[in-house]
Amino acid sequence: MSLPVRFQLFWDGIAARERGLIVFGLVVLLPVGLYLYIWQPVTEERARLATRVQQLRVEVAQLRADAEEIKRLQSQMPVRGGNSLEVVARQSAALFGLPDLERGLSARGNDRLEVNLENVAFDAWLRWLGELGVQGISLAECKVEAMPESGMVRIKATLARETS
């Protein structure tokens, strides 16, 4: 016996009141079941994905900012090569807004450089030293005196090329 025939026999065998209850139950339970098992999970997943898209947009914005920072830093690549210590110091000083070093630098051989600067911004001096450190130049001696103007200093220092 096929399934439709069996169902028809079952349906004919129950009372009219029971048929009404079954139909009423299907009318009520079917929409509730559709809501609980289909609609609600779909809307929850949609909300979760919308939140994740926002997070990813923030990450993309941060990656773009990082890419711009990398480009900026690459444009300031250290001056390397066989240049003398004095040439490297002069070229990199221009990147950090230090005053003209014409009178402030004097070479002491190939591996040492005397630096005498008047009225220099301390922040620029520190950034310049950091750049020189990347290029293998270290601070051997240093004397820093504060100037009357805030953030400005007088520098007497000796730079040395690191030998490796």
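In the predicted model, the loop between α4 and β3 contains Gln135. With a relative accessibility of 9%, Gln135 counts as buried, because the threshold for that class is under 20%. The side chain of Gln135 is engaged in a polar contact of 2.8 Å with the side chain of Glu131.

The two elements that flank this loop belong to a helix-on-sheet arrangement. The sheet is open and consists of 4 strands in the order β1-β2-β4-β3, with antiparallel pairing. Its edge strands are β1 and β3, each of which pairs on one side only. From one strand to the next, the twist averages 15°. Helix α4 packs on this sheet and touches β2, β3 and β4, and the direction of α4 makes about 155° with that of β2. In general terms, the strands of a sheet pair through backbone hydrogen bonds, in either the parallel or the antiparallel sense.

The pairings may be described in the order of the strands across the sheet. Strands β1 and β2 run antiparallel and are joined by 3 bridges. Within this pairing, Ser106 stands opposite Glu114 in β2, and Ala107 stands opposite Leu113 in β2. The hairpin of β1 and β2 has 4 residues between the strands, and Gly109 in this hairpin adopts a positive phi near 85°.

The pairing of β2 with β4 is likewise antiparallel and extends over 8 bridges. Leu113, which stands opposite Ala107 on the β1 side, also stands opposite Leu159 in β4. Further along, Asn116 stands opposite Lys156 in β4.

On its other side, β4 pairs with β3 in the antiparallel sense, over 9 bridges. In this pairing Glu145 stands opposite Arg154 in β4. The hairpin of β3 and β4 has 5 residues between the strands, and here Gly151 takes a positive phi near 85°. Of the 10 residues of β4, 7 are buried, so this strand is largely enclosed by the rest of the structure.

Helix α3, spanning residues 85–95, presents the buried residues Leu85, Val88, Ala89, Ser92 and Ala93. These residues cover an arc of only 130° around the axis, which puts them on the same side of α3. Such a pattern can be read against helix geometry: an α-helix has 3.6 residues a turn, so residues three or four places apart point the same way. The cover over the buried residues of α3 includes β1 (105–107), β2 (112–121), α4 (122–134), β3 (137–146) and β4 (152–161). Following α3 comes Gly97, with a positive phi near 70°.

Aromatic contacts were examined next. A pair of aromatic rings is described by the distance of the centres and the angle of the planes. A search of the whole structure finds 2 aromatic pairs. In one of them, the rings of Phe7 and Trp11 have centres 5.9 Å apart and planes at 25°; the pair is therefore stacked, as the angle is under 30 degrees. Phe7 and Trp11 lie 4 residues apart in helix α1 (residues 3–13), a separation of about one helical turn. Phe7 is partly exposed, with a relative accessible area of 48%, and Trp11 also counts as partly exposed, at 22% relative accessibility.

The other pair is formed by Trp125 and Trp128, whose ring centres are 5.6 Å apart and whose planes lie at 55°, so the pair is tilted. Both residues are located in helix α4, with a spacing of 3 residues, or about one turn of the helix. Trp125 and Trp128 are both buried, whereas Phe7 is partly exposed, as is Trp11. The helix that carries Trp125 and Trp128 is α4, which packs on the sheet and is included in the cover over the buried residues of α3.

Note on methods. Residues numbered from 1 in each chain as written. Predicted model: local features only at pLDDT ≥ 70, side-chain atom pairs only at ≥ 80, totals over all residues. Heavy atoms only, no water. Buried < 20%, exposed > 50% of the residue type's maximum accessible area, 1.4 Å probe, protein only. Helix = DSSP H or I, 4+ residues; strand = E, 2+ residues; numbered from the N terminus. Arc of directions from axis to C-beta. Contact = heavy atoms within 4.5 Å. Pairing = 2+ DSSP bridges. Polar contact = N/O pair within 3.5 Å; in protein donor to acceptor, adjacent residues only side chain to side chain. Axes fitted to C-alpha atoms, helices over the stretch in contact; angles between N-to-C directions. Phe/Tyr/Trp six-rings, centres within 6.5 Å; stacked < 30°, edge-to-face > 60°.
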